[in-house]
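Biologist: Before we discuss this model, I should like to know how its descriptive terms are justified. May we begin with what is meant by a buried residue?

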Amino acid sequence: MFNAHSELLKDFWEHGRSARCPIIDFHAHMNPHVGSFMPLVTAEKMVAKMQRCGTRLTIFSGHDAMFVPAFHHAHDLEAVGKFPQQLRAYFVMNGSVPDQQSELELLKSRPDVFVGLKTLGDYFGYRVNDPVYTPYYDYADEHEMPVLLHTWGGSPYNGVSEVEKLAQRYRRLTIIVGHSCHGEWEEAARLANTYANVYLELTAVFDEVGPLEILLSKCSSEKIVFGTDLPWFDTMHGVGYLFSTPMTDRDRENILFRNGVRILKKHEWFRQLWN
Amino acid sequence: MNFFDANVIYGIPSQKRLYPVIPDRAALQRKLKEFGIQKAIVHREEQFFAHPHTANQMLAEDLRDAPELFGLWTLLPPHCHEMTEPEDMLAEMRKNRIVGWQFFPQQNGYIFHWRVLKVWFEMAEKHRLPLFINFSFVTEHDLLDVLDRYPNLTVILRNASVWPPDRVIRPFLTEFPRTHLELSNYLTADGVDALVACGYRDRLLYSSGFQTAHVGGPMMLVKQAAIGDVDQQQIAAGNLERILGEINYV
């Protein structure tokens, strides 16, 4: 075992999961992807993987919802319908969709499926704070939803300044900073320290030594949540990275589930699912 | 489970890095013991930043009395006579516990082409010396051209990024029977399981990429892959033991 100091790692090392440390995955996808082959693209395979890893809840946005607007989120609706005890979806906001009013109505009509918002500024060509998204943010703020942003350091569409503008505009929704403004680690930590409703998320942070160490040196583990990008990256790789990074087991629990519980417990759907 | 790491880096880089540096062999050995890694193939940061001959000799000096460590040398084309000559290479490698070669053609200012490196490729094919090819430094097209001419080369591939690489990697594994994938940059969810199911168990090597990456991610990937204990152990150490056992230094 690569970290003899961690009692918690013994569970994951021996069993691939921990009864005392379930996982909430705040950043996942689904469906095949144009750019890469991935084995776990169906809801069935992803949920089986979740069960192997002790992931109690995954909030996802399917590749089809992100890149095939013509499907009108049908595959995400179907997946959550099949696995309501394990899955919920972020509603994908895409400024390219012609009929935004119908999109908004769909979001509002299915609170059993869509528990948050997601957008990808760099991919869609719309800034996080583009006015087309304002009605969605207003709704999310009213309902205190999580909003997962794809972020990347230096990006004019979803970089630090766009995240900060959104945090200044809205105080009730929870901003999940996907990829933690990859590369601008200290700025990401500053955002988490400055705004109570901003949390950093770890997908693509796990590819080298250093970034998570910087984040933990600048902000509390209580402001960091876990994500996998499933079906892209393996849950166990992320878990292994957390146990290689110097921190306490309590920090790891914060990241893997305690912060998620704190963020989501205000919602009846979560309390029913978690309890 | 025993781990034989196919890719460990140490030494002092000459450019800014985020990771804490493991400066010398003693510090590296302490770390590997802490991680529970029994053996490792290692190379120094200086083999990328400095003249290959200078840095290769630094590594050789480090490995002299470290039986759990094996080294890679960075190669140049032989035409400028800057490093160990081909007729002396095998003996020098055996003497210095060197088990393979790596290439940085752009950084070292040469062309990765069979006409340029044919002396080395012929030697590698004949003596089953592994080539450690990192697609961050050697292009996939260039390697395909070389393997078309030397299809029995023993090659250890490292994908260039963490994004799922199967559409690039699997054709190499399928077309060339002595190509392998080391897993330090392979994070694909259940990707190891899928590769084993496709018959590539003997072609996968546990690898961390430490000191640039953490050892725990790839270790957990192998340990928790749903492939059975025997297959896990093959990937963790057995396949690399077999490859090194096939090297013929004479």
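Modeller: A residue is buried if 20 or more other C-beta atoms lie within 10 Å of its own. By that criterion 5 of the 6 residues in S2(A) are buried, and the strand is described as mostly covered. Please note that this is a predicted model.

Biologist: What share of the residues in chain A is buried, and what share in chain B?

Modeller: In chain A, 53% of the 275 residues are buried. In chain B, 51% of the 250 residues count as buried.

Biologist: Why is chain A called as compact as a globular protein of its length?

Modeller: Chain A contains 13 helices and 8 strands. The globule rule gives 19 Å for 275 residues, and the radius of gyration of chain A is 17 Å, which is close to that value; chain A is therefore as compact as a globular protein of that length. Its C-alpha trace spans about 55 × 40 × 35 Å along the principal axes.

Biologist: What makes the radius of gyration of chain B agree with that of a compact globule?

Modeller: Chain B comprises 11 helices and 8 strands. A compact globule of 250 residues would have a radius of gyration near 18 Å, and chain B has 17 Å, so the two agree. The box filled by the C-alpha atoms of chain B is roughly 50 × 40 × 35 Å along the principal axes.

Biologist: How many of the contacts in each chain join residues at least 24 apart?

Modeller: Contacts between residues at least 6 apart in sequence are the ones considered here, and in chain A 75% of them join residues at least 24 apart. The corresponding share in chain B is 74%.

Biologist: What makes S1(A) and S8(A) edge strands?

Modeller: The sheet of chain A is open, with 8 strands in the order S1-S2-S3-S4-S5-S6-S7-S8 and parallel pairing. Strand S1 (23-28) and strand S8 (224-225) of chain A each pair on one side only, and they are therefore the edge strands.

Biologist: How do you know that S1(A) and S2(A) pair?

Modeller: Two strands pair if DSSP finds at least two bridges between them. S1(A) and strand S2 (residues 55-60) of chain A have 4 bridges, in the parallel sense, so the condition is met. A:Ile23 stands opposite A:Thr55 in S2(A), and A:Asp25 stands opposite A:Thr58. S2(A) also runs parallel to strand S3 (residues 87-92) of chain A, with 3 bridges, and A:Thr58 has A:Leu87 as its bridge partner in S3(A).

Biologist: Why is the unit made by S1(A), H2(A) and S2(A) called right-handed?

Modeller: A crossover is right-handed if the path from the first strand over the helix to the second runs clockwise, with the strands pointing away from the viewer. S1(A), helix H2 (residues 43-53) of chain A and S2(A) form such a β-α-β unit. In chain B, S5(B), helix H7 (residues 140-149) and S6(B) likewise make a right-handed β-α-β unit.

Biologist: How do you know that S5(B) pairs with S4(B) and S6(B)?

Modeller: Strand S4 (residues 98-102) and strand S5 (residues 131-134) of chain B are joined in the parallel sense by 2 bridges, so they satisfy the requirement of at least two. B:Trp101 has B:Leu131 as its partner in S5(B). S5(B) and strand S6 (residues 155-158) of chain B pair in the parallel sense over 4 bridges, and B:Leu157 in S6(B) is the bridge partner of B:Ile133.

Biologist: Which residues have the most contacts inside the largest nonpolar core?

Modeller: They are A:Ile175, A:Val177 and B:Tyr206, in a core of 160 residues. Leaving aside residues up to four places away in sequence, A:Val177 touches several residues, including A:Leu149, A:Val163 and A:Leu191.

Biologist: How many residues of each chain are in contact with the other chain?

Modeller: 32 residues of chain A are in contact with 27 residues of chain B. On the side of chain A that touches chain B, H11(A) gives the most, with 8 residues. By class, that side has 19 nonpolar, 9 polar and 4 charged residues.

How values were computed. Residues are numbered from 1 along each chain as its sequence is written. Chains are lettered from A and ligands numbered from 1 in the order in which they are written. This is a predicted model: local features need pLDDT of at least 70, side-chain atom pairs count only at pLDDT 80 or more; totals for chains, interfaces and linings use all residues. The radius of gyration is taken over C-alpha atoms; the globule rule is 2.2 Å times the number of residues to the power 0.38. A residue is buried if 20 or more other C-beta atoms lie within 10 Å of its own, exposed if 12 or fewer, and partly exposed in between; C-beta atoms are placed from the backbone. Two residues are in contact if their C-beta atoms, placed from the backbone, lie within 7 Å. Ala, Val, Leu, Ile, Met, Phe, Trp, Tyr, Cys and Pro count as nonpolar, Asp, Glu, Lys and Arg as charged, and the others, Gly among them, as polar. A nonpolar core is a set of buried Ala, Val, Leu, Ile, Met, Phe, Trp, Tyr and Cys residues joined through C-beta atoms within 7 Å.
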